[in-house]
Amino acid sequence: QVQLVESGGGLVQAGGSLRLSCAASGRTFSSYDMGWFRQAPGKEREFVATIRRSDGSTYYADSAKGRFTISRDNAKTTVYLQMNSLKPEDTAVYYCAATPKYYTIRYSTSPRDYDYWGQGTQVTVSS
């Protein structure tokens, strides 16, 4: 229904910054809530951040709060993840995801909430 392509990953030293982009195509971008997840080797995929389609409200994992910022540009059908003060623990493959589901009582923080996924982009933070 929708295709997602991440970009912007790379190698950065601890304390540095990186901005990830996720370009969407297919169905109407504004009809989806968007999220960012990450997965390190040997670990399960974990939630990072999400942004709603309607009011643009955001929600972050504790590990990302205060350091990462998710945003979206509906005109460009693109979602971003600005990452500051990066730590070696942030090293992972980062995935963007989209869901047509919408809940008024909670944010979508589980991978099971999302129907569409990008291929991922590698982020490596050196110490």
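Start with the largest nonpolar core, where L4, W36, L81, M83 and Y94 touch the most other members among its 30 residues. A nonpolar core here is a set of buried Ala, Val, Leu, Ile, Met, Phe, Trp, Tyr and Cys residues joined through side-chain atoms within 4.5 Å. Buried means under 20% relative accessible area, exposed means over 50%, and partly exposed lies in between (1.4 Å probe, protein chains only). In soluble globular proteins, nonpolar side chains tend to be buried together.

Before going on, please note that this is a predicted model, in which local features need pLDDT of at least 70 and side-chain atom pairs count only at pLDDT 80 or more, while totals for chains, interfaces and linings use all residues. Residues are numbered from 1 along each chain as its sequence is written, and side-chain values use heavy atoms, with hydrogens and water left out.

Back to the core. The elements that give two or more residues to the largest core are β1 (2-7), β3, β4, β5 (46-51), β7 (68-73), β8 (78-83), β9 and β11 (121-126). Such strands are DSSP runs (E, at least two residues; helices are H or I, at least four), numbered from the N terminus. Now pick out L4: leaving aside residues up to four places away in sequence, L4 touches a list of residues including C22, M34, C96, Y116 and W117, where contact means heavy atoms within 4.5 Å. Apart from the largest core lies another, of five residues, among them F47, A61, A97 and Y114.

Two of the residues that L4 touches, C22 and C96, form a disulfide with sulfur atoms 1.9 Å apart. A disulfide is a pair of cysteine sulfur atoms within 2.5 Å, and the count comes to one. This pair links distant parts of the chain, with C22 in strand β3 (residues 18-26) and C96 in strand β9 (residues 92-99), 74 residues apart. Both C22 and C96 are buried. The torsion about their S-S bond is about 50°, so the disulfide is right-handed.

Next, look for the rings. Rings of Phe, Tyr and Trp (its six-membered ring) pair if their centres lie within 6.5 Å; planes under 30 degrees apart count as stacked, over 60 as edge-to-face and the rest as tilted. There are seven aromatic pairs. In one of them, Y32 and Y116 meet edge-to-face, at 6.0 Å centre to centre and 80° between the planes. Y32 is buried at 2% relative accessible area, and Y116 is buried too, at 17%. Elsewhere, F37, F47, Y59, Y107, Y114 and W117 make up one aromatic cluster.

Finally, which charged side chains meet in salt bridges, such as R53 and D33? A salt bridge is a side-chain nitrogen of Lys or Arg within 4 Å of a carboxyl oxygen of Asp or Glu, and there are seven. R53 and D33 form one of them, at 2.9 Å from N to O. Because R53 lies in the loop between β5 and β6 (58-60) and D33 in strand β4, this pair ties together parts that are 20 residues apart in sequence. D90 and R67 form another, at 2.8 Å, and both are buried. By contrast, D115 and K101 form a salt bridge at 3.3 Å, where D115 is partly exposed at 41% and K101 is partly exposed at 26%. Salt bridges that share partners also join R38, E46, R67 and D90 into one network.
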